[in-house]
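Biologist: Could you take me through the salt bridges in this model, one pair at a time? I would like a close look at where the partners sit, and then at how the two chains meet.

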Protein chains: 2
Amino acid sequence: MNGAEALVRTLVNSGVTTCFANPGTSEMHFVSALDRVPGMRCVLGLAETVVTGCADGYGRMMGRPAATLLHCGPGLANGLANLHNAKRAYTPVVNIVGDHATYHVAYDTPLTSDVESLARPMSQWVRLSRHARSVADDAALAVQAARTSPGGVATLILPADTAWTESGGPQQAHAVQPRRQASSQHIDQAARALRAKSADGATMILLGTGGLTEASQMAAWRIARATGAALRTTTFVARMPRGHGRPPIDRMPYAVDQALTMLAPVRTLILAGAPTPAAFFAYPDKPSELCAPGTTVIPMAGVDEDAEAALIALAEALRAPRQVDFALPAPEAGMPFGAFTPAAFGQVLARILPQDCIVMEDAVTSGRGLFTPTFQAAAHDWLQNTGGAIGGGIPTATGAAIACPDRPVICLQADGAGMYSLQGLWTQARERLNVVTIVFANRAYAILQGELRAVGAVPGPASDALFSLNDPALDWVRLAQGMGVPAERTDTMEGLADALSRALHAQGPYLIELLC
Amino acid sequence: MNGAEALVRTLVNSGVTTCFANPGTSEMHFVSALDRVPGMRCVLGLAETVVTGCADGYGRMMGRPAATLLHCGPGLANGLANLHNAKRAYTPVVNIVGDHATYHVAYDTPLTSDVESLARPMSQWVRLSRHARSVADDAALAVQAARTSPGGVATLILPADTAWTESGGPQQAHAVQPRRQASSQHIDQAARALRAKSADGATMILLGTGGLTEASQMAAWRIARATGAALRTTTFVARMPRGHGRPPIDRMPYAVDQALTMLAPVRTLILAGAPTPAAFFAYPDKPSELCAPGTTVIPMAGVDEDAEAALIALAEALRAPRQVDFALPAPEAGMPFGAFTPAAFGQVLARILPQDCIVMEDAVTSGRGLFTPTFQAAAHDWLQNTGGAIGGGIPTATGAAIACPDRPVICLQADGAGMYSLQGLWTQARERLNVVTIVFANRAYAILQGELRAVGAVPGPASDALFSLNDPALDWVRLAQGMGVPAERTDTMEGLADALSRALHAQGPYLIELLC
C-alpha cells in the first residue's frame, strides 16, 4: 500500500469522510487512492478559496473536520484567506497540501516555494511529512490536532514521493481529549461579582466560542434574568443557534464608538469563551481596548475551555431559576415593502427563514442590524465571517450545505465580498445544494466609505474610484447563471419575499440579487 | 506630511506611477494620500489575485514596477499566487501591504496574522516599516530592490499608524545598479565549445530571463547559424518578442519524455539567462534533471547577469555573420476550418495577430504547440505563466493593457485556469482596455488527465469527478457579460476567425469562448 492510500484510509478511520479538493500534479496519487478507498466523498472547488471555505462551513456544522486537497504553495496561498477565517472560528480542518517530491525541491523548479512558511500564519498545527512511512501517523496526528479543543486548522504537507512510495499501512484514529474544564476559582469569582447585585448593565457576560451553544445561551440567560447582568456575544460568531426557543442575545457592535458606549457602564466583564473586547481595527485617537478603564475582567472560560459547563455551573451556583421566558415584543405586523433597509430586510428574513435553516452571513455593512429583528424567526443556526477575510460567505454556505443536506442554507452575501469567491456557486450547482444566496448589491465597498471617515481621512477621486463598483455594475444574475445557478433580481422588499419563496421551493441552488 | 503622503510622493519620485489596489481599513490613509499627490494612477481589482497579476503584466511590459495596495495578511494571501508568478518572471513589483497599527497587533483581533511569514516565500525582498519616519526610506529601498537585476517582488508592510503619523517627508529615487556582466571566462568557454564544430544539435544554447530580448535572440541566431548549435528558450518565458523579423526559436517542451528526447543528443549546454533544465514536476522513475548524464553545462550568463551582452560578445568572438535569414517555410494556404486543434488554432492566430500586439498565454494544455505556427505572425510580444500558478492569464493581460494602451492584448486562457481569476474581466471593462480573451473551453482540467497517467496512477470515479468541469458547463459568455465584457461563443476555427476580427475592431474588452 502506497502512502497515498495509507493517508486516505487513515483519514476515513479517523472520521474524515469528506474531501474538498482542487488538486494538481503533485496530488495525483492521492486522487487515485480516493478511488480505491471507500467512504470518502470528494467535492471539487474551482478556486482554492472555495475549497477552504467549504471545509470551514462543513467543520462548523459537523463539529469534525473535512479534509482539503490543495496543490503546492500557490494553491495553498489561494486558500489561506478562508483558512484564516476557519482558524479564527476554531473550525476543525485537516488541510492537506501536496508539494514537490522531497528530492525535487533542490531543483527550484517554477512551482517550488516555502509551503511551511505560508501555512504557519493560518494554521494551529503544521507538519511536513518526509517519508511514505510517516504519512499515516502524521495524518492521524493532524486529525487529532484539528479536533483538539477549541479546534483548528491542521496543515499536513505531503511531498509527492510520500504518496507513491510504499508505506507501512494506515493508522487508527487518535483519541481526542475533551475540552478542559474552566477553573472553579474563576467561576466562583464570577458568582461573587454577580451576587453583588450591581445595577443593570454594570456586569456583562460576553459569550464567544464554546459559550454559544444552545445550552450555554440558556444558562447565560438564566444568570442574566436572575442577576440583571447584561449579555452579549462577540461581534462575530462562528455558529450560534438562534430564533424561536433560543434567548434573544445581541452581539457586540462592530463600530468602535458604539462598542465603547455600550461598555462604558460595565464595571465587571465575565468572559465565557470570548477574548477581552478589542476594536477590530485601530483608529487614530481611539483606544484598541474597548472596556472602560478600571473594568474588572473575569476570564471565566478561555476559548479552549468548556464555557458551556462553566455557565451552567455559574447558573447553579447563583440558584438561577430554570424556567425562563424571553419576553419578546410582538412581531411587526405585515410584510415590509419598498426599498431595502437593514431593518426591513431583517423583518422579511424573520418571517421567511425556514425551520432549522442555516444562515451564513458575510453581508458586511448590510448585515450589521440583523440580530434583533430575527430573534423571533424560526429556529436556525447563524454563521458569520470570523476572521475579517471577506468572501467567506458563498464557500462557507456551500460547505454547510454539504454537511447538512436536509437543512436549507441561506447565504447573506455583500456584493464586494462575494466577488472574492463567486466560483463557489458552481460547486453548489454541481452538488445540487439547497443554498439560496442573497447578494446585497449596493455596488460599492460601502464599509470602506465609512472606514475612511472613521480614520479621519477625506473622500476624494481616488477613494471614489477604489470604493465604487458601479462602473460597470456587476450583473449577479448572469454571473450565477454562468455557473449553472438560477437567479433573479429585485429591488424591493416585496420582490425579495416573493423571490425567496420561489428560491426556497426550488430544488438546488438559487441566487437573488437584491439592489440596495 | 503624514507617512501615507510621504510614501506616495516617494513612489512617484521613484517612477512608480500606477497602483493596482484592493484596499481595506488599514489602507485608508494611503488611499486618501493618493488624492493629494498628483501622478499616481489607481486601478481597482475585485480580488487580490487580479491586483498582483496586473502588477506582473504591467512590470513585464514597462520594465519598471507598479505598486500594489493590499489589505492585511488575508489580502496578501489572496494575491500570493500571482506574486509567485511575478517572482518567477523576475518582474519588478512594489507590493505594499497595509496591516494593523503597530500597537494594535498585541490584541490579536480577527484580522491579525504574521504578514512577513506570508510574504517571504513569494518576495525577493521584504520589509516591515515600523515608524512613519522610515516609510519614505523603506519605499525608496523597495523600488530599488524591485528594480535590482534581475528584478523581483519587493514587499513593504506598512502598519496603519505609519500612515497617519507625521513623517519626515518623501525620499528621492535610489539609483539602480546595471545588470552584472557575465564572466568573460564563461563566454570564452562557450566560444571554445562552439568552435569545436560539433555535429548539429550536440551543442545547445538555452535562452531564459535576459536572454530573450530581441537583440539576445538575434545574437543567438547568428551563433546558431554559424556553428550549427541548437537554440531553445526555457519552457515558459516571461516576455519574448516574436513573429515577423524575429528568429523562429522554439521552447523546451513541458512533457518530461519529450524534453529528455530533445536533450539526449546534447553534449554541451550553454545557459544564457536560463537555469539548468529540470522537470517541472517529479515523476516516479523519471529523472528531475533533464540533461543527459555527462552533458557539459556552461553557465554563461546567470539570471541576474547581462545575457544579451554575453550573447553578443559570444557572436562576435565566433565572428558569426551579422546578416542572417530565418528560412521559414511558406505559411499554410487558406484559413483553417472545423473543430479546434492546437495546430489549426495556431494558424488562425498567425494570420490574425495584429502588428505589435501582446499575447498573454495561460492556455495550459491548449497552448503547448503554439510557438511553431506563430513564427510568421506579425511582430508581437509573447508572455507566459512563469510560476505554474495557473490563473495568471486574465490579470496579467489586464496589467499589460494598462501599461501599453496603444497595443492590442490577446489573452489565451484555459477555462479551468481562468476560473481562478475571472474577476479581472471587470477591471478590463472598467478601464476600457483593449483585451481580447479567448477561453479554451475544454470543460476539464485536461492537464491533470494527462498528469494522472504520467505519474502512473489510474483514472477512476474520483479523478473523473475532480477533473471534469462539464456538470454544469461553465457559460463564459454570461460570466463575461456579468462583468460588463461583451462576449460570444464559437466551436469552429472559421467562427473563431470571425469573432476575433469583431473583437479586435471593438473598443474595449471582448471575450470569445472557444469550445474545444
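Modeller: Gladly! Let me begin inside chain B, where B:Arg232 and B:Asp250 form a salt bridge whose closest N and O atoms are 3.8 Å apart. Please keep in mind that this is a predicted model. B:Arg232 belongs to strand E8 (residues 230–233) of chain B, while B:Asp250 sits in the loop between strand E9 (240–242) and helix H10 (256–263) of chain B, so the pair ties together parts that are 18 residues apart in sequence. The two partners can be placed by their accessibility: B:Arg232 counts as buried at 18% relative accessibility, because the limit for buried is under 20%. B:Asp250 is partly exposed, with a relative accessible area of 22%.

A network of salt bridges with shared partners deserves a stop here too: A:Arg443, A:Asp475, A:Arg478, A:Arg489 and A:Glu513 are joined in it. Over all chains, the count comes to 46 salt bridges.

Another pair in chain A is A:Glu305 with A:Arg180, at 3.5 Å from N to O. A:Glu305 is in the loop between strand E11 (296–301) and helix H11 (307–317) of chain A, and A:Arg180 is in the loop between helix H7 (160–164) and helix H8 (184–195) of chain A, so this salt bridge links parts that are 125 residues apart in sequence. A:Glu305 counts as buried at 11% relative accessibility, whereas A:Arg180 counts as partly exposed at 48%.

Now to the pairs between chains. The interface of chain A and chain B holds 4 salt bridges. One of them joins A:Arg432 to B:Asp471, with 3.2 Å from N to O. This pair runs from the loop between H15 and strand E15 (435–441) of chain A to the loop between helix H17 (461–467) and helix H18 (476–482) of chain B. A:Arg432 is exposed, at a relative accessible area of 52%, and B:Asp471 is partly exposed, at 34%. A:Arg88 also forms a salt bridge with B:Asp108, the closest N and O atoms being 2.8 Å apart.

Beyond these charged pairs, 47 residue pairs are in polar contact between chain A and chain B. Several elements of chain A give two or more residues to the side that touches chain B, including helix H2 (28–36), strand E2 (41–44) and helix H16 (446–454). H4(A) gives the most, with 8 residues. By class, that side of chain A has 55 nonpolar, 29 polar and 13 charged residues.

As for extent, 97 residues of chain A are in contact with 97 residues of chain B. The area buried between the chains is about 7900 Å², and carbon and sulfur atoms give 64% of it. A:Thr25, A:Pro110 and A:Leu466 supply 8% of the area that chain A buries against chain B, more than any other three residues.

Finally, the arrangement of the copies: a turn of 180° and a shift of 0.0 Å along the axis lay chain A on chain B with an RMSD of 0.0 Å. That is the relation of a two-fold axis. The same surface serves both copies, as 100% of the contact residues of chain A recur in chain B.

Methods: Residues numbered from 1 in each chain as written. Chains lettered and ligands numbered in written order. Predicted model: local features only at pLDDT ≥ 70, side-chain atom pairs only at ≥ 80, totals over all residues. Heavy atoms only, no water. Least-squares fit on C-alpha atoms with pLDDT ≥ 70 in both. Contact = heavy atoms within 4.5 Å. Buried area = accessible area lost by both parts, 1.4 Å probe. Salt bridge = Lys/Arg side-chain N within 4 Å of Asp/Glu carboxyl O. Polar contact = N/O pair within 3.5 Å; in protein donor to acceptor, adjacent residues only side chain to side chain. Helix = DSSP H or I, 4+ residues; strand = E, 2+ residues; numbered from the N terminus. Nonpolar A, V, L, I, M, F, W, Y, C, P; charged D, E, K, R; others polar. Buried < 20%, exposed > 50% of the residue type's maximum accessible area, 1.4 Å probe, protein only.
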